Amino acid sequence: GEEEEAEVAGEAVAEEEVQGAEAAVAAVGRVSAIVLSLLGDGFAGGKPMPGTRPRRVRDTPAGRRRLARSKANAGGAAEWGVAVERSPPPSPPPLLPSMPPPPPPPEVVFVSPELAGWGSVGGLGAMVAHLAAALAARGLRVSVVLPHYASRGGGSSGAPHAAAHLFDLSVPLESSRGDAPLSVLHGATEGGVRVYLLQSDVHFRAPYAHRSPADALLSASLLSRGALLLLERLSASPAALLSNDWVAALAAPYARHGAWRRAARPGGGRSWPERWRGTAFVHLVHNLEPGYDGSFSGAEPALSPSLLLGLPPALLSEERPGAAPRAGRGWRASLTRAALLTADSWATVSASYRQQLLRGGGPLAPLLRAFPAPFACKLGLPLAELRASLHADGLLGLTGHAAAKASISVGISAISRRSLGD
């Protein structure tokens, strides 16, 4: 009787052990199945993974029952015993220090009265378009700011690219003229050049369509002020700003002299000249022949270019401030002079024209020669394509600037006679 009681007690204890082991096997089996599903072929070939070892199961009734249950719960994972004991995983490699993102490429901004394909009447617009595309192809961020003309005028190219309204600007004017509202339109060229168009049907009616010298000065003032306020609104700090021709010549003067901007938005933030300290201003000269050099004059005694433009008189004229105008001369103002006195450098459209300007005379010659290294951008044009075009038009054999201009003049005269029916 005592032996039977001991056997029953032993079986009860063994049964409790089996039940506890079964619960553990079931839990470990489920975990093992999940791990195996993640490891995929870790158990391929019926061999345990490196770093694991099987647990042997005693060949007893309780052991056989435990093995059967473990197989049911863990599938093939229990083939090697109750559970797979894995060695501790290796420590993950230390995280690499975070690297700062690379800086964006430099940004170059053109302020121009023309841009081929968006509003252009001559070679200036073609040159700006080609040069901007060439810089963008080199990886620079390039933008062009120009007027959006209400009427593009005779000979002007159209604007085939789509432009969407971006926002509105209010540009302060001098002489109690209040503010001029501008609408900013935004588009892009095929080469990735961003285009910003300043729209004012009052001041930007057509390219170079100025009714008076005062009207021309106001349009030039509005273009440069609008371009600077646009860049401020965009939080843009370009590495270089290239003003093209006299129409955009006031960009550097208005960046250096910020009284007009402080009057419009007093207080707060860094000073206006400080904002442009990291921007190199380059004035791009296209033509300094009389009538194209940005010089204006008038006999109106009440008109003061300095007050009209909000700039120091010495920037606009060599006349001594406060001196009475000479008899018969009236007032004078040179926008190109203001640009050269405030820009970091100047450039022009060819090496030969640069030499011509440096060796020539005139009131601007001392200012031009004062710069140590003015550069020439060679028109920024694809020369191979131009030569092919000239060859197709029968103009490739012409030699010299004068011969080319004479041939063009003959062609223009012929077109004019046909249009007039002569």
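In this predicted model, the count of aromatic pairs comes to five. A pair of aromatic rings is described by the distance of the centres and the angle of the planes. For Trp246 and Phe296, the ring centres lie 5.1 Å apart and the planes meet at 70°, so this pair is edge-to-face; the angle required for that class is over 60 degrees.

The pair formed by Trp246 and Phe296 links distant parts of the chain, with the two positions 50 residues apart. Trp246 belongs to the loop between strand E8 (240-244) and helix H5 (251-256), whereas Phe296 is part of strand E10 (residues 295-298). Trp246 has a relative accessible area of 9% and is therefore buried, the limit for this class being under 20%. Phe296 also counts as buried, because its relative accessibility is 16%.

A further edge-to-face pair is made by Trp260 and Trp272, with 5.5 Å from centre to centre and 80° between the planes. This pair, too, links distant parts of the chain: Trp260 lies in helix H6 (residues 259-264) and Trp272 in helix H7 (residues 272-275), 12 residues apart. Trp260 is buried because its relative accessibility is 3%, and Trp272 is buried because its relative accessible area is 4%. Both tryptophans belong to one aromatic cluster, which consists of Tyr254, Trp260, Trp272, Trp276 and Phe281.

Charged side chains also meet aromatic rings. Arg225 is placed over the face of Tyr254, 4.5 Å from the ring centre, and Tyr254 is itself a member of the aromatic cluster. Elsewhere, the ring of Phe167 has the charged end of Arg233 over it, at 4.1 Å from the ring centre.

Attention now turns to helix H10. This helix spans residues 335-342 and is mostly covered, since seven of its eight residues are buried. The buried set comprises Leu335, Thr336, Arg337, Ala338, Ala339, Leu340 and Thr342. At the N-terminal end of H10, Ser334 acts as a cap: one of its side-chain oxygens lies 3.1 Å from the backbone nitrogen of Arg337.

A final site is His203, located in the loop between strand E7 (194-199) and helix H4 (213-233). Although placed in a loop, His203 counts as buried because its relative accessibility is 16%. When neighbours within four places in sequence are left aside, the contacts of His203 are with Leu173, Ala180, Ser219 and Leu222.

Definitions and conventions. Residues numbered from 1 in each chain as written. Heavy atoms only, no water. Phe/Tyr/Trp six-rings, centres within 6.5 Å; stacked < 30°, edge-to-face > 60°. Helix = DSSP H or I, 4+ residues; strand = E, 2+ residues; numbered from the N terminus. Buried < 20%, exposed > 50% of the residue type's maximum accessible area, 1.4 Å probe, protein only. Lys NZ or Arg CZ within 6 Å of the ring centre and 35° of its normal. Polar contact = N/O pair within 3.5 Å; in protein donor to acceptor, adjacent residues only side chain to side chain. Contact = heavy atoms within 4.5 Å.
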